[in-house]
There are 2 protein chains.
Amino acid sequence: MSHHLRCSLDRLREDLLALGQIGRNPDDKGLYRMAFTEADMEARRWLLDRLRAAGADAKLDGAANVVGRWEGADGDLPTIVIGSHIDSVPAGGIFDGSLGVLAGLECMRALRDAEVKLSRPVELVAFSDEEGRFGGMFGVQAYTGQLTLNDVESMKDPDGVSLVDAMKACDLVPSLAMEAARKPDRIAAFLELHIEQGPVLEAQRTDIGVVLGISGIFKWKVKLLGKADHAGTSPMDMRSDAFMGLADFAHEIPRIIEEDGSERSRLTVGKVDLVPGHPHTVPGEAVFTLVGRDTEPDVLRELAKSCRKVLSAIARRHRLYFEFEEMSWLEPRPCDASIATAFRSAAERLSLSHIDMPSGAGHDTQFMTDVTRAGMIFVPSANGVSHAPDEWTAWEDVHNGANCLLQALLDVDAGSEGETLETGG
Amino acid sequence: MSHHLRCSLDRLREDLLALGQIGRNPDDKGLYRMAFTEADMEARRWLLDRLRAAGADAKLDGAANVVGRWEGADGDLPTIVIGSHIDSVPAGGIFDGSLGVLAGLECMRALRDAEVKLSRPVELVAFSDEEGRFGGMFGVQAYTGQLTLNDVESMKDPDGVSLVDAMKACDLVPSLAMEAARKPDRIAAFLELHIEQGPVLEAQRTDIGVVLGISGIFKWKVKLLGKADHAGTSPMDMRSDAFMGLADFAHEIPRIIEEDGSERSRLTVGKVDLVPGHPHTVPGEAVFTLVGRDTEPDVLRELAKSCRKVLSAIARRHRLYFEFEEMSWLEPRPCDASIATAFRSAAERLSLSHIDMPSGAGHDTQFMTDVTRAGMIFVPSANGVSHAPDEWTAWEDVHNGANCLLQALLDVDAGSEGETLETGG
């Protein structure tokens with residue numbers, strides 16, 4: 001009969017709208033709850049109250065993660081963790097992160113109302129600084145024991161403010177961040193619901209995206225060096241035009257993906273600087289960023305290799321020097337197959353359409369995959385927009401996502417999501 | 001016997017080095033004689049003295065052109081004008097402009113020393129503001145009667161300083177600029193020697209470039225408008241990536257020139273701005289400059305038409321909007337065939353190798369073509385460099401250029417450069 005349990009959209013909507021008022025920008029252009037600011041801490045205090053009202057034992061852990069805990073019928077079993085984040089980008093919307101946290105809360109209220117007691121304990125976590133004021137995903141890294149005290153003491157935001165100072169300003173004790181770490185064997189699974197932040201579900205008129213993995217990512221800063229020349233006196237065939245090298249490279253991106261990538265591959269040139277950058281001068285230098293993504297480690301490596309080869313060949317053809325700096329390389333993180341199965345079964349029971357898909361964006365789930373069976377689902381983002389005031393998800397999709405999360409939670413608790421339950425992902 | 005007349009390289013070199021000291025940058029990184037500054041005026045006073053020492057009747061005309069005049073044997077004949085400029089770009093070299101002026105002066109001294117009296121009067125002009133502090137070629141436009149008083153009174157430099165104020169600060173009377181205009185029927189021809197400012201003569205190991213025409217030029221500001229998206233969540237085939245549109249366009253430039261241009265065509269993307277310009281965001285907007293050049297009016301029009309068509313097709317393919325603003329359109333200016341013939345004959349008599357070529361850069365000659373038979377020659381620029389402290393031309397090439405100018409002057413004076421002498425170009 002638990003399969004007939006449903007979340008209350010009214011309560012969930014009320015929470016989303018209430019939390020969406022905290023950190024509201026003065027001109028009503030979205031909200032801004034940067035980690036370790038007054039608005040962020042106000043949201044955390046609000047959430048602690050809401051968790052306690054729903055019967056949780058709630059606290060702020062040493063890393064400023066909001067953790068609400070409901071004990072299970074069998075106190076010895078490892079905990080199921082549900083989570084996401086409530087910090088935001090500047091001018092963000094009300095769903096990014098908050099949906100996963102508040103839907104988790106609504107799941108627990110729905111269970112309480114139906115007097116369903118899970119076997120396992122559940123922790124609902126709103127991880128701190130997912131959006132990356134201090135480099136990204138501080139809270140979940142602390143929670144999963146992937147930070148050192150040295151990390152904590154050396155982190156700085158783009159304005160040069162240290163994490164230590166930012167935490168102290170919020171009456172937090174930086175060294176306690178280390179105490180947020182959980183023992184992996186006490187965690188049974190991790191579930192996250194998030195808005196897609198992309199256009200795929202809407203375009204495919206699909207209710208639920210079951211995430212198979214979080215894309216790995218490489219970020220390069222590439223420099224093509226040619227020769228700045230007078231654009232009138234320098235014949236086309238005697239130029240070393242750095243921009244034409246970049247253009248020829250970018251033109252090859254679709255082919256590179258067709259040959260060496262997958263439908264989950266992304267290659268993006270997002271930032272370009274030409275030197276000297278004058279209309280009448282052949283660009284002697286082109287500096288650009290190249291960001292590559294794929295969910296498969298081997299494919300990501302092939303993409304990178306192919307980009308290097310193409311850049312190198314094009315540089316030769318245009319008589320350019322070619323330098324690149326790898327700013328970052330993050331391996332893809334596959335989600336757990338049994339958790340994906342639980343989400344799919346949940347969607348089927350709820351008669352929701354679903355597809356498997358990658359997550360091109362980073363999420364708290366990616367660090368949880370290192371310590372437990374972790375998985376996530378997406379619900380549609382209107383026009384694919386997020387990180388903007390007009391980020392929106394239809395209330396029906398909000399309801400679908402919450403119900404799917406609840407049903408998957410029941411399955412994971414019951415161990416019915418497949419034989420891999422106790423063996424890990 | 002005039003055909004055995006030669007310029008003195010020693011005297012010419014001395015003048016080039018002396019003038020090259022005026023406006024020297026403090027760190028010795030080239031020179032800067034921006035029009036209507038103290039350095040520019042000092043150079044003009046220096047030149048007036050040098051002209052007078054060479055027997056010329058020399059004055060500053062109302063547009064601050066330095067004009068030195070030597071009367072001919074037959075006072076009734078129209079004047080042959082030799083000229084170039086002595087203002088400079090920031091951190092310029094000692095040859096750009098100055099070579100043409102000082103070589104002209106040396107030609108007149110060589111004639112005087114050899115007691116050769118030309119039939120026609122000669123005017124040597126150092127035109128003001130060729131480099132374009134006030135938009136470009138103020139002096140030659142005044143000299144050729146192509147300016148209105150309204151132009152003079154409304155011109156401003158990029159810092160917002162008006163031409164009127166700049167002239168007054170140099171004790172010049174702006175309204176007198178109108179009096180610089182000459183009657184076209186009193187000018188017989190115009191000859192200019194200039195450094196190539198490009199790599200062609202050096203690469204082809206050629207002494208003299210005979211300029212067939214000054215390239216016309218169009219300058220566009222193009223905007224491609226797509227949609228800024230998260231570079232991770234937005235699949236490649238669902239993007240409207242403005243930069244990829246630009247890259248595909250630039251990639252087509254060689255084909256556009258092959259199909260619709262000539263070997264004298266140039267198409268340059270020199271400045272690119274992406275919005276928002278973040279590594280992890282698909283560029284929603286690409287704003288770039290496109291500068292096209294060719295010496296043939298029809299070819300220039302075909303190039304522009306082809307660029308528009310390609311941009312339009314690529315915009316459709318990438319789901320982009322496409323706007324362009326034509327910042328300027330200058331028609332190509334053909335040089336006079338009889339003057340080119342005189343230069344070629346001169347080079348042959350001097351046993352100098354020569355090729356016909358376009359001028360991709362603008363020169364005072366382009367405005368002189370509107371009023372008289374005008375033509376110019378180039379001498380090699382080391383490494384094709386100009387507008388930079390390491391601009392250089394070998395002394396042998398300086399000598400060759402001056403001698404070629406002298407021989408062509410003799411031919412034009414004698415009318416031996418061809419039957420078109422009195423009919424115009």
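**Close-ups of a predicted two-chain model**

**View 1. P276(B) sits in the loop that runs between β9 and β10 of chain B.** Keep in mind that everything here comes from a predicted model. The thing to look at is the peptide bond leading from V275(B) into P276(B): it's cis, with omega near 5 degrees. For some context, most peptide bonds are trans.

**View 2. In chain A, a cis peptide bond joins V275(A) and P276(A).** Omega comes out at about 5 degrees here. P276(A) belongs to the loop between β10 (272–275) and β11 (281–282) of chain A. Mind the strand labels when you flip between views: in chain B, P276(B) is placed between β9 and β10.

**View 3. R205(A) has a positive phi even though it isn't a glycine.** The angle is about 45 degrees. Most residues other than glycine have a negative phi. You'll find R205(A) in the loop between α7 (200–203) and β6 (208–214) of chain A.

**View 4. D207(B) is in the loop between α7 and β6 (208–214) of chain B.** What does D207(B) contact, once its neighbours within four places in sequence are left aside? The list is L352(B), S353(B), F378(B), V379(B), P380(B), D397(B) and N400(B). Zoom in on S353(B): its backbone nitrogen lies 2.8 Å from a polar atom of the D207(B) side chain. V291(B) is somewhere else, with 29 Å separating its C-alpha atom from that of D207(B) and their positions 84 residues apart along the chain.

**View 5. Domain 1 meets domain 2 within chain A, with about 690 Å² buried between them.** Carbon and sulfur atoms give 63% of that area. On the domain 1 side, S215(A), P332(A) and P358(A) do much of the work, supplying 68% of what domain 1 buries against domain 2, more than any other three residues. As for where the domains are, the assignment gives 2–215 + 332–414 to domain 1 of chain A and 216–330 to domain 2. Eight residues of domain 1 and 11 residues of domain 2 make up the contact. The C-alpha centres of the two domains lie 37 Å apart. Don't go hunting for salt bridges across this interface, as the count is zero. There are two residue pairs in polar contact, though, both at pLDDT 80 or more. The domain 1 side that touches domain 2 divides into four nonpolar, four polar and no charged residues.

**View 6. Chain B lands on chain A after a rotation of 180 degrees, with 0.0 Å of shift along the axis and an RMSD of 0.1 Å.** That's the relation of a two-fold axis. Which residue of chain B comes closest to the rotation axis? A247(B) does, with its C-alpha at 2.1 Å. Both copies use the same surface, and 100% of the contact residues of chain B recur in chain A.

**View 7. The interface between chain B and chain A buries about 4,100 Å².** Carbon and sulfur atoms give 64% of this area. From each chain, 50 residues join in the contact. Here too the salt bridge count is zero, while 17 residue pairs are in polar contact, both partners at pLDDT 80 or more. On the chain B side, the elements giving two or more residues include α7 (200–203), β7 (216–225), α8 (242–260) and β9 (266–275). The largest share, 10 residues, comes from α8(B). By class, this side has 25 nonpolar, 17 polar and eight charged residues.

Definitions and conventions
Residues are numbered from 1 along each chain as its sequence is written. Chains are lettered from A and ligands numbered from 1 in the order in which they are written. This is a predicted model: local features need pLDDT of at least 70, side-chain atom pairs count only at pLDDT 80 or more; totals for chains, interfaces and linings use all residues. Side-chain values use heavy atoms; hydrogens and water are left out. Domain bounds come from an automatic or database domain assignment. Contact means heavy atoms within 4.5 Å. Buried area is the accessible area (1.4 Å probe) that two parts lose on being put together, summed over both. A salt bridge is a side-chain nitrogen of Lys or Arg within 4 Å of a carboxyl oxygen of Asp or Glu. A polar contact is a pair of N or O atoms within 3.5 Å; within protein, one must be able to donate a hydrogen and the other to accept it, and residues adjacent in sequence count only if both atoms are side-chain atoms. Ala, Val, Leu, Ile, Met, Phe, Trp, Tyr, Cys and Pro count as nonpolar, Asp, Glu, Lys and Arg as charged, and the others, Gly among them, as polar. Copies are superposed by least squares on the C-alpha atoms of residues with pLDDT of at least 70 in both. Helices (H or I, at least four residues) and strands (E, at least two) are DSSP runs, numbered from the N terminus.
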